[in-house]
Amino acid sequence: NTAKVFCLVHKMDVIPRDHRDKVFEKRKSQIELVSSPFAVEYFQTSIWEETLYKAWSTIVYSLIPNANLLSQRLNKFCELIEAEEVVLFERSTFLGISHATNKSRQNDRYKDAHRFEKISNIIKMFKLSCMKSGTGVVSMEVRCSAFDAFLYEFTDNTYIMLVFADPDVKPAATLINIKNARSHFQKLIGSM
């Protein structure tokens, strides 16, 4: 069978930490009794922490055709343009669906396991502000002493964010690289 079944066991934050795994396993056992013959992927979630974002990102990623190939190509793109990191976000939800970190440039900046959720929330808030004023988000640039980040519409269903530590990277060159890669990734991702 090709159906994918996901189960988010929610409100895990109201259960004391030292009992969560036991309660979660009990819920899984109860669900497995009625879910046969399907293999179910389970997530412990809460709206008060990153678990819900991570669960939904994992679910969306698993539904992408050619997900492994997408990841490989994103890594190659990251390496070719000498970015520190490249992240693909789903267009409407801004869930992170894939990312690549340049292995030769990796440093302590990438140790925050929740950075994609944080970035997603910042972008969603910016997008909401734009919508309230009757505009939309096509691109965004953030420059600071440690890095430059560029966010652009990418494919029909995604935005792409590129992070560079090199202050000499020019937005125009970044935009050319994105335009050159867009059709390739559109074919790869398809209508998602």
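Mentor: A residue is buried at under 20% relative accessible area, exposed at over 50% and partly exposed in between, for a 1.4 Å probe and protein chains only. This is a predicted model, in which local features need pLDDT of at least 70 and side-chain atom pairs count only at pLDDT 80 or more, while totals for chains, interfaces and linings use all residues. Residues are numbered from 1 along each chain as its sequence is written, and side-chain values use heavy atoms, leaving out hydrogens and water.

Trainee: What pattern does the protein follow, read along the sequence?

Mentor: Helices (H or I, at least four residues) and strands (E, at least two) are DSSP runs, numbered from the N terminus. By that count the protein has five helices and seven strands. Read along the sequence, they follow the pattern β-α-β-α-α-β-β-α-β-β-β-α.

Trainee: What percentage of the residues in the protein is buried?

Mentor: The C-alpha atoms fill a box of roughly 55 × 40 × 35 Å along the principal axes. The protein has 192 residues, and the buried share of them is 38%.

Trainee: What is the order of the five strands in the open sheet?

Mentor: Two strands pair if DSSP finds at least two bridges between them. In this open sheet the pairing is antiparallel, and the order is β4-β3-β7-β6-β5.

Trainee: Which strands stand at the edges?

Mentor: An edge strand here has a single partner strand, so one of its sides is left without a neighbour in the sheet. Two strands fit that description: β4 (96-101) and β5 (139-143).

Trainee: How many degrees are neighbouring strands of this sheet turned against each other on average?

Mentor: Axes are lines fitted to C-alpha atoms, for helices over the stretch in contact, and angles run from 0 to 180 degrees between N-to-C directions. For neighbouring strands of this sheet, direction is ignored, and the average turn is 10 degrees.

Trainee: In β4, which residue is the bridge partner of V86?

Mentor: Strand β3 (residues 85-90) pairs with β4 in the antiparallel sense over five bridges. Their hairpin has five residues between the strands, and F94 there takes a positive phi near 60 degrees. Across the pairing, the residue in β4 that partners V86 is A100.

Trainee: How many of the six residues of β4 are buried?

Mentor: β4 stands at an edge of the sheet. The strand is nonetheless mostly covered, and its buried residues number five.

Trainee: In β6, which residue does M140 stand opposite?

Mentor: β5 and strand β6 (residues 148-153) pair antiparallel over five bridges. A hairpin of four residues joins them. One bridge sets V142 against A149. Opposite M140 stands L151.

Trainee: Where is F147, and how far in space is F147 from V163?

Mentor: F147 sits in the loop between β5 and β6. With 25% relative accessibility, F147 counts as partly exposed. F147 and V163 are 16 residues apart in sequence, and their C-alpha to C-alpha distance is 6.7 Å.

Trainee: In β7, which residue is the bridge partner of D148?

Mentor: β6 and strand β7 (residues 158-164) run antiparallel and are joined by six bridges. The hairpin between them has four residues. In β7, D148 has as its bridge partner F164.

Trainee: Is V169 buried or exposed?

Mentor: V169 lies in the loop between β7 and α5 (171-189). Its relative accessible area is 17%. By that value, V169 is buried.

Trainee: Which residues make the nonpolar surface patch of about 320 Å²?

Mentor: Patches are made of residues with over 30% relative accessible area and no salt bridge, like charges being joined within 9 Å and nonpolar side chains (Val, Leu, Ile, Met, Phe, Trp, Tyr) within 5 Å. A salt bridge puts a side-chain nitrogen of Lys or Arg within 4 Å of a carboxyl oxygen of Asp or Glu, and accessible areas come from the Shrake-Rupley method with a 1.4 Å probe, only the protein chains shown counting as cover for residues. One member, M125 in helix α4 (residues 115-132), counts as exposed at 54% relative accessibility. The patch is made by M125, L128 and M131.

Trainee: How many disulfides does the structure hold?

Mentor: A disulfide is a pair of cysteine sulfur atoms within 2.5 Å. C144 is partly exposed at 37%, but its sulfur is 17 Å from the closest cysteine sulfur, in C78, which is too far for a bond. The number of disulfides in the structure is zero.
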